[in-house]
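Colleague: Mind walking me through this one? I'd like to go over the aromatic rings, the contacts and the surface.

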Amino acid sequence: VPTLMPYVAAAYPSQRTQLLFWMLACQQCGETTGRGLGTTSLATTSLCAAAALLVFSSLTLGAVWPEVLAATLDAQPAKVIVPAACFCYFMAYGMLQTSVFKRIRCMSPQHHVAEDISAMTGSCGQLGSLASTLLLFLGLEIYAVLVHS
């Protein structure tokens, strides 16, 4: 989602900087709140995953078609709705991340095994994040070149 933020904010040129600032602030607040609200409930975790997917899809559509976003959502409500969507996404993300690591700790009675699984999960998560960010950025840039040529 951080890769999408500048593209979404570009839908509102007159308030792009201010909107991006609030999106980034809501990113930090949302993830911190989500980590504090982490749960081991499978139902809550599933709901968080669905919410994160919905917001991610919406932000992706707004990044790919900023003119449609601007036509659908006026600038005034966008100042609140877009950062709020970022807050919701990152809160769900923080809850999911905490839930995964809480579940890992319960997987093995041996502390070092749980630590190893946790470290491997964290490393895989970071690699996946890097790969998805790179692919999304390249995809958006290639799309922009194809559309504007």
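Modeller: One bit of vocabulary to begin with: contact means heavy atoms within 4.5 Å. Also, keep in mind that this is a predicted model.

Colleague: OK, then which residues is Ser99 in contact with, leaving aside its neighbours within four places in sequence?

Modeller: Ser99 sits in helix H5. Its relative accessible area is 2%, and buried means under 20%, so Ser99 is buried. Leaving aside the neighbours within four places in sequence, the contacts of Ser99 are Gly38, Thr39 and Thr45.

Colleague: Now the rings. How many aromatic pairs does a search of the whole structure find?

Modeller: Rings go down as a pair if their centres lie within 6.5 Å. Searching the whole structure on that basis gives a count of five.

Colleague: Take Trp65 and Tyr143: what kind of aromatic pair do they form?

Modeller: Their ring centres are 6.5 Å apart, with 85° between the planes. The pair links distant parts of the chain, with Trp65 in the loop between helix H3 (42-64) and helix H4 (66-72) and Tyr143 in helix H6 (residues 111-147), 78 residues apart. Planes over 60 degrees apart count as edge-to-face, so the Trp65 and Tyr143 pair is edge-to-face.

Colleague: And Phe90 with Tyr93, where do both of those lie?

Modeller: Phe90 and Tyr93 make an edge-to-face pair too, 6.3 Å centre to centre with 75° between the planes. Three residues separate them in sequence, about one turn of the helix, and that helix is H5 (residues 75-105).

Colleague: Is Phe90 buried or exposed?

Modeller: Let's put Tyr93 beside Phe90: Tyr93 has 30% relative accessibility and counts as partly exposed. For Phe90 the value is 4%. The cut-off for buried is under 20%, so Phe90 is buried.

Colleague: Which residues form one aromatic cluster?

Modeller: Phe90 and Tyr93 are already an aromatic pair. Tyr89 belongs with them, and the cluster reads Tyr89, Phe90 and Tyr93.

Colleague: Last one: how much accessible area does the nonpolar patch with Trp65 and Val68 have together?

Modeller: Patch residues need over 30% relative accessible area, and Trp65 has 37%, Tyr143 has 31% and Val68, in helix H4, has 45%. Leu61 and Val147 are in the patch as well. Together, the accessible area is about 440 Å².

Key: Residues are numbered from 1 along each chain as its sequence is written. This is a predicted model: local features need pLDDT of at least 70, side-chain atom pairs count only at pLDDT 80 or more; totals for chains, interfaces and linings use all residues. Side-chain values use heavy atoms; hydrogens and water are left out. Rings of Phe, Tyr and Trp (its six-membered ring) pair if their centres lie within 6.5 Å; planes under 30 degrees apart count as stacked, over 60 as edge-to-face and the rest as tilted. Helices (H or I, at least four residues) and strands (E, at least two) are DSSP runs, numbered from the N terminus. Buried means under 20% relative accessible area, exposed over 50%, partly exposed in between (1.4 Å probe, protein chains only). Patches are made of residues with over 30% relative accessible area and no salt bridge: like charges are joined within 9 Å, nonpolar side chains (Val, Leu, Ile, Met, Phe, Trp, Tyr) within 5 Å. Accessible areas come from the Shrake-Rupley method with a 1.4 Å probe; for residues, only the protein chains shown count as cover. A salt bridge is a side-chain nitrogen of Lys or Arg within 4 Å of a carboxyl oxygen of Asp or Glu.
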